[in-house]
Amino acid sequence: MPLILSTYPGPPAHQYNGHLQTILPSLTRLVRNVTYERERLILHDGDFVDLDWIDKAQKKLVILTHGLEGDSNRQYIRGTAKLFSEHNYDVLAWNCRSCSGEMNQAFRLYNHGEIGDFGEVIAHALKTRDYQKVVLVGYSMGGNITLKYLGVNGHQLPDVIRRGIAISAPTDLGASAVLLDQPSNRFYRNRFRKKLLVKINQKATRFPGRLDMSKLQQVKRWRDFDEFFSAPVNNYRDADDFYNQASAINFMAGITVPTLLLNAQNDPLLSPECSPGWLAETHKHIFLETPRTGGHVGFQVPGDLYTYAERRALAFAEQ
């Protein structure tokens with residue numbers, strides 16, 4: 001499909017660069033009046049994930065997947081949940097393993113390439129409720145998970161899954177890891193590492209000998225962190241194996257339902273490789289929209305409760 005000419009009008013004037021467009025919405029935005037009902041889903045390996053529902057017995061469902069070290073209460077998830085709920089969708093905002101406020105039981109955590117848990121969440125929703133249409137929406141890491149799931153499953157998708165939407169998705173993890181090491185991205189790098197290290201330390205304490213915590217002294221780049229910790233805790237051979245198996249770009253050719261990828265050109269966390277124009281130009285199901293501004297999971301619009309990304313997701317879901 002042709003690349004989409006974006007209609008994003010741009011952020012508020014004080015958000016004059018990609019960093020401000022990324023950071024300020026997460027610090028200042030507050031989406032009120034979103035009430036979830038929580039359900040714990042026991043996975044096939046005995047571990048669990050927590051599902052947060054807005055269940056009004058509608059015939060349409062949107063399934064929301066959060067970003068790295070996010071959860072169902074991030075404002076971008078709450079905003080999407082509220083908007084879709086107002087337009088006659090049930091909402092399922094699921095929390096990846098360890099992200100719902102309680103550490104998961106298994107040694108492994110969650111990661112950009114984990115679609116097995118996502119598949120179990122989808123299967124559970126379809127088994128326990130009757131939906132005629134399902135839309136998948138993912139942000140950042142959740143966008144990559146959504147795209148990989150759609151690509152890997154291809155023609156084996158449940159028939160009711162009609163649309164996929166990925167926002168600010170790092171579809172090429174190796175390229176994004178290099179970008180994260182730039183001095184201008186120190187804030188994000190340190191924030192992610194600090195949060196993930198808390199969980200890595202908990203795993204090392206609970207599962208002695210499974211992780212070599214002395215390797216922390218050798219971490220000079222984000223790739224090193226993935227090599228010594230992200231890969232082994234998630235059962236990848238090494239960082240290269242992790243990037244190859246987890247990057248959605250390696251699987252997106254298999255997508256068989258209309259799918260939107262919305263990535264801002266000034267996103268400080270995404271390399272150009274994460275927005276594959278070459279694929280969108282030749283693939284009949286992939287729609288790529290790359291507005292000039294928006295930051296990472298930002299896309300605020302002056303005077304609007306909802307972001308452009310949230311409204312764009314709904315509009316694409318309803319096409």
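Student: At what angle do the axes of helix α5 and helix α8 cross in this model?

Tutor: Good place to start! In this predicted model, the axes of α5 (residues 173–180) and α8 (residues 239–246) cross at roughly 120° and come within 8 Å.

Student: Why is α5 called oblique to α8?

Tutor: Set the angle against the classes: 65 to 115 degrees counts as roughly perpendicular and over 145 as roughly antiparallel. The crossing at roughly 120° fits neither class, so α5 is oblique to α8.

Student: Which residues meet there, and what classes do they belong to?

Tutor: From α5 come Leu173, Gly174 and Ala177, which meet Phe242, Tyr243 and Ala246 of α8. By class, this contact has five nonpolar residues, one polar and no charged ones.

Student: Now to aspartate 47, in the loop between β1 (37–42) and β2 (48–54). Why does aspartate 47 count as buried?

Tutor: Buried means under 20% relative accessible area. Aspartate 47 has 1% relative accessibility, so this residue counts as buried.

Student: What makes the pairing of its side chain with that of asparagine 104 a polar contact?

Tutor: The cut-off for such an N or O pair is within 3.5 Å, and the two side chains make their polar contact at 2.9 Å. Aspartate 47 also touches residues including Leu41, Ile42 and Arg97.

Student: Stepping back to the whole chain, with its ten helices and eight strands, how do you know that it is as compact as a globular protein of its length?

Tutor: Its radius of gyration is 19 Å, close to the 20 Å that the globule rule gives for 319 residues, so the chain is as compact as a globular protein of that length. Buried residues make up 60% of the 319.

Methods
Residues numbered from 1 in each chain as written. Predicted model: local features only at pLDDT ≥ 70, side-chain atom pairs only at ≥ 80, totals over all residues. Heavy atoms only, no water. Axes fitted to C-alpha atoms, helices over the stretch in contact; angles between N-to-C directions. Helix = DSSP H or I, 4+ residues; strand = E, 2+ residues; numbered from the N terminus. Parallel < 35°, antiparallel > 145°, perpendicular 65-115°, else oblique. Contact = heavy atoms within 4.5 Å. Nonpolar A, V, L, I, M, F, W, Y, C, P; charged D, E, K, R; others polar. Buried < 20%, exposed > 50% of the residue type's maximum accessible area, 1.4 Å probe, protein only. Polar contact = N/O pair within 3.5 Å; in protein donor to acceptor, adjacent residues only side chain to side chain. Rg over C-alpha atoms; globule rule 2.2 N^0.38 Å. Lists of a residue's contacts leave out its neighbours within four places in sequence.
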